[in-house]
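Reader: I'm new to reading structures, and I'd like a close look at just one part. Could you walk me through the inside of this one and how the pieces around it fit in?

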Amino acid sequence: SGCWEPQYRVVLLGDPGVGKTSLANAFAGVQERDLLEQHGEVAYERTLSVDGEETTLLVIDAWEPERRESWHRSHCLQVGNAYVIVYSITDHGSFESASELRIQLRSMRQAEDIPIILVGNKSDLVRCREVSVEGGASGFIETSAALQHNVAELFEGVVRQLRLRREGK
Ligand code: GDP
């Protein structure tokens, strides 16, 4: 059945240590985990059934902000059909980085209306919170990769946003 399912590339962005790899692992699941090495990128492929329709996401965890080569940076910012920008609710600096990345991405991909989801991860660490909840904001969700809280909802949200754009064209 796989041939006709649309496939989308979802790129994870955000500072080191915010939980990108943990979210990718939680998305892929231990059993279904499918690690692909593509041009040195690490990608996790999974087909989700959302609202009765199947969609395949290829989640790419290749962002290394410390890498100097600007081609790597711009490649990451160009290849995604959708972006998940992650910060940690326990690290205000990571929230600032995420906000800057969102602005940079919007300007680089100005002509396209790509889904960008801002994710406040580590929501289980309530006592260490440094970033308040952006209550009710669209394109925003808090997750805990450690407790698997809201991880499914995050990627289902990505699928719905991608479909809205597809149908709008
Ligand atoms: P990355 O550098 O953005 O890929 O971050 P990692 O996925 O490697 O996670 C960095 C550290 O944060 C690891 O020690 C993880 O176990 C921890 N971590 C990731 N997500 C969560 C979370 O939701 N809650 C808690 N408490 N720790 C987390």
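Author: Let's start in the middle. In this predicted model, the largest nonpolar core has 38 residues. The ones with the most contacts inside that core are Val10, Leu12, Val59, Val84, Ile85, Val86 and Val158. Quite a few elements chip in: β1 (7–13), β3 (41–50), β4 (53–60), β5 (82–88) and β6 (116–121) among the strands, plus the helices α1, α3 (92–108) and α4 (151–168), each give two or more residues to the core.

Now zoom in on Leu12, which sits in strand β1. Is leucine 12 buried or exposed? Count the C-beta atoms around its own: there are 25 neighbours inside 10 Å, and the cut-off for buried is 20 or more, so leucine 12 counts as buried. Look at who those contacts are once you skip the neighbours within four places in sequence. Leucine 12 touches Lys20, Leu23 and Ala24, then Val59, Ile60, Asp61 and Trp63, and finally Val84 and Val86. Here's a nice one to find on screen: tyrosine 83 is 71 residues away from leucine 12 along the chain, yet their C-alpha atoms are separated by 6.1 Å.

Next, hop over to Ile85, another of the residues with the most contacts in the core. Setting aside its own neighbours within four places in sequence, isoleucine 85 is in contact with Leu13 and Gly14, with Ala98, Leu101 and Arg102, and with Ile116, Leu118 and Val119.

Back to helix α1, which runs over residues 20–28. Its buried residues are Lys20, Leu23, Ala24, Ala26 and Phe27. Why do they end up on the same side of α1? Because they cover an arc of only 165° around the axis. Right after α1 comes glycine 29, with a positive phi near 75°.

Helix α1 also turns up around the ligand, where it supplies the largest share of the shell, 3 residues. The shell has 15 residues, and Gly19, Lys20, Thr21, Ser22 and Ala146 come nearest to the ligand. By type, the shell splits into 5 nonpolar, 7 polar and 3 charged residues. Notice Lys20 in particular: it is buried in α1, it is in contact with leucine 12, and it is among the residues that come nearest to the ligand.

One last thing, about confidence. The chain averages a pLDDT of 88, with 87% of residues scoring at least 70. Strand β5 has the highest confidence, at 98, while strand β2 (residues 35–38) has the lowest, at a mean of 55. For the complex, the predictor gives an ipTM of 0.99 and a pTM of 0.91.

Note on methods:
Residues are numbered from 1 along each chain as its sequence is written. This is a predicted model: local features need pLDDT of at least 70, side-chain atom pairs count only at pLDDT 80 or more; totals for chains, interfaces and linings use all residues. A residue is near a molecule or strand if its C-beta atom, placed from the backbone, lies within 6 Å of it. Helices (H or I, at least four residues) and strands (E, at least two) are DSSP runs, numbered from the N terminus. Ala, Val, Leu, Ile, Met, Phe, Trp, Tyr, Cys and Pro count as nonpolar, Asp, Glu, Lys and Arg as charged, and the others, Gly among them, as polar. A nonpolar core is a set of buried Ala, Val, Leu, Ile, Met, Phe, Trp, Tyr and Cys residues joined through C-beta atoms within 7 Å. A residue is buried if 20 or more other C-beta atoms lie within 10 Å of its own, exposed if 12 or fewer, and partly exposed in between; C-beta atoms are placed from the backbone. Two residues are in contact if their C-beta atoms, placed from the backbone, lie within 7 Å. The arc is that of the directions from the helix axis to the C-beta atoms. pLDDT is the predictor's confidence in each residue, from 0 to 100.
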